[in-house]
Amino acid sequence: MSGCPGAGEPADRAARVALTWLAEPGNRAVWTLVQQAGAPAALDRLLDGDIPDARLRSAVTARLRSGDPRRVAEIALRRADRLGARLVVPADDEWPTRVDDLATLELDAGGIVNQDTRPPLCFWVRGAPALGETLERSVAIVGARASTPYGRHVTTDMAYSISGKGWTVVSGGAFGIDTAAHRGALAADGRTMAILACGVDRPYPAGNSAMFDRIAERGLLVSEWPIGAAPFRHRFLIRNRVIAAITAGTVVVEAAARSGATQTMSRVLALGRPAMVVPGPVTSAMSVGCHEILRGHPYARVVTSAMDVLEEVGRIGEYLADPPRGPEHRRDSLDEESALIMESLPSRGALTPEELAVGARLSLRTVLRRLSLLEMAALVVRSGDGFALSPDQRPIRHSGE
């Protein structure tokens, strides 16, 4: 990516800003021009009308009626300096290289958003940490805006634990699951990153402004769009390809059918990234999309905890979680014959060895031998001529029984 002519120079940086203003990020034709000739030359061609792609030519013509892209870029860069934001381009050391995998992303679905999935030309960043370093160990958590208490609870706990293990939690800053993910990470004093579909000077939604301020103080606000860009609806769909590509894996917690979160997961799966899904109640409309992903994609994995997630994205053997087990009981390690004898003993009272042999369908000799071992293990006690369960092995009797 950094091998383009003049990569990283002021002219290259300004041209990338101008190109992102002229055409929406991810545009296949613009990205190809930049790769072939560099950003300044690509900008010159677009301004001269030398554009083979008819759709792009129409978009550029319409956009030029509202301003001069070079002037827009100059103003945006000045405003970013005042804001304390910075422009990151592929030639910079902090460029997140995972996002370059979008260069090969091909989707079967139709529509412009599914065709224009090429890597960003640049990122605007607010926050002190280096972008690439922050994303080296990162997990995206996405989901429904109209989330349920179940989804928010699961997300907050998961993000808190993931962040507590030193991983960056990435999301989109929206209400619902995104907000729960960011807040969970912030509660753990960990790093979180919001990837926006608008300028980093006006993060959306405004109702999360206090949370965005905290993210900018301790993590990062990131966007492809220049300073001042508005959060148009289609930009959220364009942005989702970056969330899918920039992290080590993505978790979806609650998603309605045909939602933005399921669209993000389609890109995660197409890129071959770990695609993780938190299942929900089968009666919940907010989990329909999650269950559709699991049914339709054999490579999607069910996750129910932070350790499940880290086992998928961490280094081999780094996060090996023990399989879930119920509470352990002293009887669990008994051999089959001893277990039969224990089951034959009544909850109250005692039985002779002969009676136990009949009940357990074992020889008297076997019963006597096993009873000696059970007595040594304090599982049974002698009672007259027979044996009874030790007090701690008897079922609890409730009042009134």
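Buried means under 20% relative accessible area. By that cut-off glycine 143 counts as buried, because its relative accessibility is 18%. The structure described here is a predicted model. Glycine 143 has its place in strand β3, which covers residues 138-143. Leaving aside neighbours within four places in sequence, glycine 143 is in contact with six residues named here: Ile177, Asp178, Val252, Val253, Glu254 and Ala261. Phenylalanine 175 lies 32 residues from glycine 143 in sequence. In space, the C-alpha atoms of glycine 143 and phenylalanine 175 are 9.6 Å apart.

A second buried position is found in strand β7. Threonine 250 lies in this strand. Its relative accessibility is 0%, so threonine 250 counts as buried. Its contacts, without the neighbours within four places in sequence, include Ala140 and Val142. Threonine 250 also contacts Ile243, Ala244, Met265 and Val268. Pro274, Ala275 and Met276 complete the list for threonine 250.

Strand β7 (250-253) also takes part in covering helix α13. The buried residues of α13 are Gly289, Cys290, His291 and Ile293. What covers them includes β7, α12 (260-271) and β8 (275-278). Helix α13 itself spans residues 288-296, and valine 288 has its place there. With a relative accessibility of 33%, valine 288 therefore counts as partly exposed. Valine 288 touches Ala255 and Ala257, not counting residues up to four places away in sequence. Valine 288 and valine 381 are separated by 93 residues in sequence. Their C-alpha atoms are 55 Å apart in space.

The nonpolar interior was examined next. The largest nonpolar core has 38 residues. Within it, the residues with the most contacts are Leu19, Val30, Leu46, Trp124 and Leu221. Several elements give two or more residues to this core. Among them are the helices α1 (10-22), α2, α3, α4 (54-64), α5 (69-83) and α10 (209-218). The strands β1 (85-88) and β5 (192-196) do so as well. Helix α1 gives the most, with six residues. A second, separate core has 34 residues and includes Leu105, Val242, Leu271 and Ala275.

Leucine 221, one of the residues with the most contacts inside the largest core, has a long list of partners. Not counting residues up to four places away in sequence, leucine 221 touches Trp124, Val125 and Arg126. It also touches Ala194, Leu196, Val200 and Pro203. Phe212, Ile215 and Ala216 are further partners of leucine 221.

Three helix pairs were then considered. Helix α2 (residues 28-37) packs with helix α3 (residues 39-48) at an angle of about 130 degrees. Their axes are 7 Å apart. The angle makes α2 oblique to α3. The crossing of α2 past α3 is right-handed. From α2, the contact is made by Val30, Leu33, Val34 and Ala37. From α3, it is made by Ala39, Ala41, Ala42, Arg45 and Leu46. Eight of the residues in this contact are nonpolar, none is polar and one is charged. Val30 and Leu46 are in this contact and also among the residues with the most contacts inside the largest core.

Helix α8 (residues 149-164) and helix α14 (residues 306-313) pack at an angle of about 50 degrees. The distance between their axes is 9 Å. At that angle α8 is oblique to α14. Helix α8 passes α14 in a right-handed crossing. Met158, Ser161 and Ile162 of α8 meet Ala306, Val309 and Leu310 of α14. The contact of α8 with α14 holds five nonpolar residues, one polar and no charged.

Helix α9 (residues 177-187) and α10 pack at an angle of about 45 degrees, with axes 11 Å apart. This makes α9 oblique to α10. The crossing of α9 and α10 is left-handed. Thr179, His182, Arg183 and Leu186 form the α9 side of the contact. Met211, Arg214, Ile215 and Arg218 form the α10 side. The residues of this contact divide into three nonpolar, two polar and three charged. Ile215 of α10 is in this contact and is also touched by leucine 221.

Conventions:
Residues are numbered from 1 along each chain as its sequence is written. This is a predicted model: local features need pLDDT of at least 70, side-chain atom pairs count only at pLDDT 80 or more; totals for chains, interfaces and linings use all residues. Side-chain values use heavy atoms; hydrogens and water are left out. Axes are lines fitted to C-alpha atoms, for helices over the stretch in contact, and angles run from 0 to 180 degrees between N-to-C directions. Helices (H or I, at least four residues) and strands (E, at least two) are DSSP runs, numbered from the N terminus. Angles under 35 degrees count as roughly parallel, over 145 as roughly antiparallel, 65 to 115 as roughly perpendicular and the rest as oblique. A crossing is left-handed if the near helix is turned anticlockwise from the far one by less than a right angle, and right-handed if clockwise. Contact means heavy atoms within 4.5 Å. Ala, Val, Leu, Ile, Met, Phe, Trp, Tyr, Cys and Pro count as nonpolar, Asp, Glu, Lys and Arg as charged, and the others, Gly among them, as polar. Buried means under 20% relative accessible area, exposed over 50%, partly exposed in between (1.4 Å probe, protein chains only). A nonpolar core is a set of buried Ala, Val, Leu, Ile, Met, Phe, Trp, Tyr and Cys residues joined through side-chain atoms within 4.5 Å.
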